[in-house]
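Subject: A structure for you to explore

Hi there,

Here is the structure I promised to pass on to you. Please open it beside this email and follow along as you read.

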Amino acid sequence: MTARARWSDRARLALIFGGLGVLAATGQAPLGWWWASLAALSALFAILPLDATIRATSGRMWLAGTGYFGAALFWIVEPFFIEPEIHGWMAPFALVLMAGGMALFWGLAGGLSAWLARGRGRLVVLGGLIVALEMLRGWIFTGFPWAMLGHGLIGTPLMQAAAYLGAGGLSLIMVLAALLPVLGRGWAMRGAGTAGALAALAGLWVWGSSQTSLPAARENVVRLAQPNAPQSEKWLEENRFLFFNRLLDQTETPAEIAPELVLWPETSVPFLLEYAGEGLEMIAEAAAQHGPDTLVGFGVQRIEDGRYFNSLAVLTTQAEVTHIYDKHHLVPFGEYIPFSEWLMGTPVGGLAGRALLGYSPGPGPALLDLGPLGVALPLICYESIFPRHLRTETRPDWVLQVTNDAWFGELTGPFQHLAQARLRAVEQGLPVLRVANTGVSAFIDARGGVVAELGLGETGFVDSPIPGALPPTLYARLGDWPVLGLLAILLGGAVAASRMRPGPRG
């Protein structure tokens, strides 16, 4: 084969496998085309040669993964265009490195499947490994469980399965439904597999649609205040108090039923907590318009022993700070530079860092006892994408997330972040109150339904009672162990069965 023919063949493979990866990514929010994602996965399994070498299978899956993560995570370039004259040049490198790096998990799944199994058993092993490695990437290198295949089912009745099997279980459903149509030999067997997959999905759909029972909402009304501060304008000197005053106005606006708690988004005030000046009194005065017991929870940066923290504080109408929660799961290179203290002897900030110092992590998950409002579990920004942070020793009454999704742009990132908050609600059977700087702010019930919301790019506030909590789900009690057990059975059985068949391995 000539060099030109080889390059042509590689380009064709990149187009086919990368294109199927892109199509598979359409299941992610905001499109939510789970059926297109399912069809793309099935086609990907169907065209993989069953006799390909380990290297060839790994390479094809890496191409598909690059297309998938490039399309699903292209919002990763948005932070670099907040100050394009400084950081804009990094954007294409960030996207290429992110997509190619995340695709290594798919490539590894392809290579291992070719090494472990023969024939069609290789496809089953491949599917199981994709799910297993998806779950693994939620842990290694600080974790990044974003754009999992199962996230395409968020917003459908199938999402209710997460109460038993979590996000990994949703991905397993997607993979098995994609595999069934391609495992049989001949059109008759494949048709039967397709019918079986559709029947299973229909059954789960009907079951999920029946999961509608919800406890009564609490009597307490909460207000979510959304200032809609573009990230490029938020910290400009001339806007120093513009958005702060907007939040004060939103806080004190009267309502037919006065809110007992007003929530502001992440880093919503233009001062450090320790150097607030009259800022805390101004917030307290605004809250007091609703009554002497109204609380305000607000995102704030603070300093202690020379270290900066990304925090949530709770304030009374007497301007007393009663609770402080420090974000403990920080964004590498966004909120801190990994190993900076070891390498340089001092923290070095990332894109979100203040004064090039970056943030220090808090001690870990904590609960806020808000009296009549119940016990809340606070999460800051992307801490909500990690299911393990919601499995506290003492179960909260509801989850409180403050975030600044202005970093994520306006096309996909904020909607994907919202979708994962909905998934956390289903997994735990807990309502989630989510307040975002530019949106989407939402009250989410314990089934993952959006009760009330303020859309992306809107300025204002929304009031609602706190939705009720369901009893602890199976996932809340056992975490990922049930789906890990299913994966172990699937992978072990597929490997054993395939090795009983004659034929070489790739």
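Below are some notes on a buried residue, two helix pairs and a sheet.

First, some ground rules. This is a predicted model, in which local features need pLDDT of at least 70 and side-chain atom pairs count only at pLDDT 80 or more, while totals for chains, interfaces and linings use all residues. Residues are numbered from 1 along each chain as its sequence is written, and side-chain values use heavy atoms, leaving out hydrogens and water.

Helices (H or I, at least four residues) and strands (E, at least two) are DSSP runs, numbered from the N terminus.

Let's start with A147, which sits in the loop between α6 (121–136) and α7 (162–183). Is A147 buried or exposed? Its relative accessible area is 0%, so A147 is buried (under 20%, with a 1.4 Å probe and protein chains only). Leaving aside residues up to four places away in sequence, A147 touches Q28, Y68, F69, A72, L73, E134 and R137 (contact means heavy atoms within 4.5 Å). G27 is 120 residues from A147 in sequence, yet their C-alpha atoms are 9.2 Å apart in space.

Next, look at α6 together with helix α5 (residues 91–116): they pack at an angle of about 145°, and their axes are 8 Å apart. Axes here are lines fitted to C-alpha atoms, for helices over the stretch in contact, and angles run from 0 to 180 degrees between N-to-C directions. Residues of α5 including F105, W106 and L108 meet residues of α6, among them R122, V125 and L126. The residues of this contact divide into 12 nonpolar, two polar and one charged.

Another helix pair is α10 (residues 242–252) and α11 (residues 279–287), with an angle of about 25° and axes 7 Å apart. That angle is why α10 counts as roughly parallel to α11 (under 35 degrees). F244, N245, L248, T251 and E252 of α10 make the contact with G279, M282, I283, A286 and A287 of α11.

Finally, find the open sheet of six strands, in the order β6-β7-β8-β9-β10-β11 with mixed pairing (two strands pair if DSSP finds at least two bridges between them). β6 (368–369) and β11 (450–454) are the edge strands, each pairing on one side only. Strands β7 (residues 375–380) and β8 (residues 398–403) run parallel and are joined by five bridges. Helix α13 (residues 413–428) packs on the sheet, touching β8, β9 (432–436), β10 (441–444) and β11.

Enjoy exploring!

Best wishes

Methods: Buried means under 20% relative accessible area, exposed over 50%, partly exposed in between (1.4 Å probe, protein chains only). Ala, Val, Leu, Ile, Met, Phe, Trp, Tyr, Cys and Pro count as nonpolar, Asp, Glu, Lys and Arg as charged, and the others, Gly among them, as polar. Angles under 35 degrees count as roughly parallel, over 145 as roughly antiparallel, 65 to 115 as roughly perpendicular and the rest as oblique.
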